[in-house]
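Good morning, and thank you for the time on today's agenda. I would ask everyone to look at the structure on the screen while I go through it.

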Amino acid sequence: MTGRSGHLLAPDGARIAWRLDGPSEAPVVALCTMATAAMSIWDGLAADLADRWRVLRHDRRGEGDSDPGAPETHSFATYARDALLVFDACGARAAHVCGMAFGSRVAVRIALDAPGRVRSLALFDATAGPPAPDAARKAGSAEAAQLRLAAGLAPRAVDRLWFARRDPAGAGLAALALRREPPWTEGLSAIAAPTLVACGEQDPNLAGARRMAREIPAARFEAMPMTGHGSILDRPDLVAQLLRRFLEDVEARADGARAGPPGGA
């Protein structure tokens, strides 16, 4: 997979690392990663999608190869602004925006703050409420792993580099943003973009994800079997399948709308 990568400077001076892969004229899919993960966690999915889409990734401030910035800058509004700066740097006026877990909160913030720049929204492992306790996540992931083992699905190797951070000062800063979030994200009913909400059946966010799908008018919901929190780690094949199918459907509907009714009537 070939592409280009670089860094940009946010207004506060933080350097944000990004990468773009795929055909130069293709629609853009922007990926917002889970907490504490670098954009390399998307490598497999990016390779799967880059035949048809331009796949845009970045390291959120404090993660991967991006600068941490000052602690007070860590909010979902700032994360969304950083992501939009990456859009600008790569010439993406609008994109299909996909978020994973913590990244789904960033994706929602982009959709609320800059709706004209979001062609569609895909939210994996999402909730608009408080994060589940670590113990509940671990229990769900363990149950999902046992179900996959019983079904004969091979476990996926986890690369420690997916969670590498150049600057250790970034550790813990994402938690500041979570503490500043309200009990439930308001305004979901204003999201007009086609939306996929997908959550694992063993993910404690399942109830919150279902609620989000009810509140977002153009949302569809998918339950992912044998999947805990962090579905890109548990079922990368299923994540890729659901996302590709959703994107293809959104693109087909957009093409049909541009073509107009049969006979030009």
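The protein exposes about 11600 Å², and carbon and sulfur atoms supply 55% of that area. Please bear in mind that this is a predicted model. Of the 265 residues, 51% count as buried.

Turning to overall dimensions, the C-alpha trace spans about 60 × 50 × 40 Å along its principal axes. How does the radius of gyration agree with that of a compact globule? For 265 residues a compact globule would have a value near 18 Å, and the protein has 18 Å, so the two agree.

The protein contains eight helices and eight strands. Among contacts with a separation of 6 or more, 75% are between residues 24 or more positions apart. As for charge, there are 32 positive and 31 negative charges, and their mean positions lie 1 Å apart.

I now come to helix H3, which covers residues 102-113. Its twelve residues reach 17 Å from the first C-alpha to the last, close to the 16 Å expected at 1.5 Å a residue. How many of the residues of H3 are buried? Nine of the twelve are, and the helix is mostly covered. The buried residues are Phe102, Gly103, Ser104, Arg105, Val106, Ala107, Val108, Ile110 and Ala111. Against what do they pack? Their partners include three strands that you can locate on the screen: E3 (28-32), E5 (95-100) and E6 (118-124). The buried residues of H3 also pack against helices H2 (76-89), H5 (173-179) and H6 (206-215).

Next, the backbone. Most residues other than glycine have a negative phi. Two residues here depart from that pattern. Ala101, in the loop between E5 and H3, has a positive phi near 55°. Ala101 has a relative accessible area of 6%, which is under 20%, and therefore counts as buried. Asp125 has a positive phi as well, near 60°. Asp125 is found in the loop between E6 and helix H4 (134-150), and it is buried, with a relative accessible area of 0%.

Asp125 leads us to a further residue, Ser231, since the two are in contact. Ser231 is found in helix H7, residues 231-234. Is Ser231 buried or exposed? Its relative accessibility is 0%, so Ser231 counts as buried. Which residues does Ser231 contact, leaving aside neighbours within four places in sequence? Besides Asp125, they are Met100, Phe124, Met224, Pro236 and Val239. Finally, Ser231 and Gln241 are ten residues apart in sequence, and their C-alpha atoms are 12 Å apart in space.

To close, I would leave you with two places to revisit on the screen: helix H3, with nine of twelve residues buried, and Ser231, with its contacts to residues including Asp125 and Phe124. Thank you for your attention.

Terms used: Residues numbered from 1 in each chain as written. Predicted model: local features only at pLDDT ≥ 70, side-chain atom pairs only at ≥ 80, totals over all residues. Heavy atoms only, no water. Helix = DSSP H or I, 4+ residues; strand = E, 2+ residues; numbered from the N terminus. Expected span 1.5 Å × (residues − 1). Buried < 20%, exposed > 50% of the residue type's maximum accessible area, 1.4 Å probe, protein only. Contact = heavy atoms within 4.5 Å. Rg over C-alpha atoms; globule rule 2.2 N^0.38 Å. Areas by Shrake-Rupley, 256 points an atom, 1.4 Å probe, with all protein chains shown as cover. Lys, Arg positive; Asp, Glu negative; His and termini not counted. Charge placed at Lys NZ, Arg CZ, Asp CG, Glu CD.
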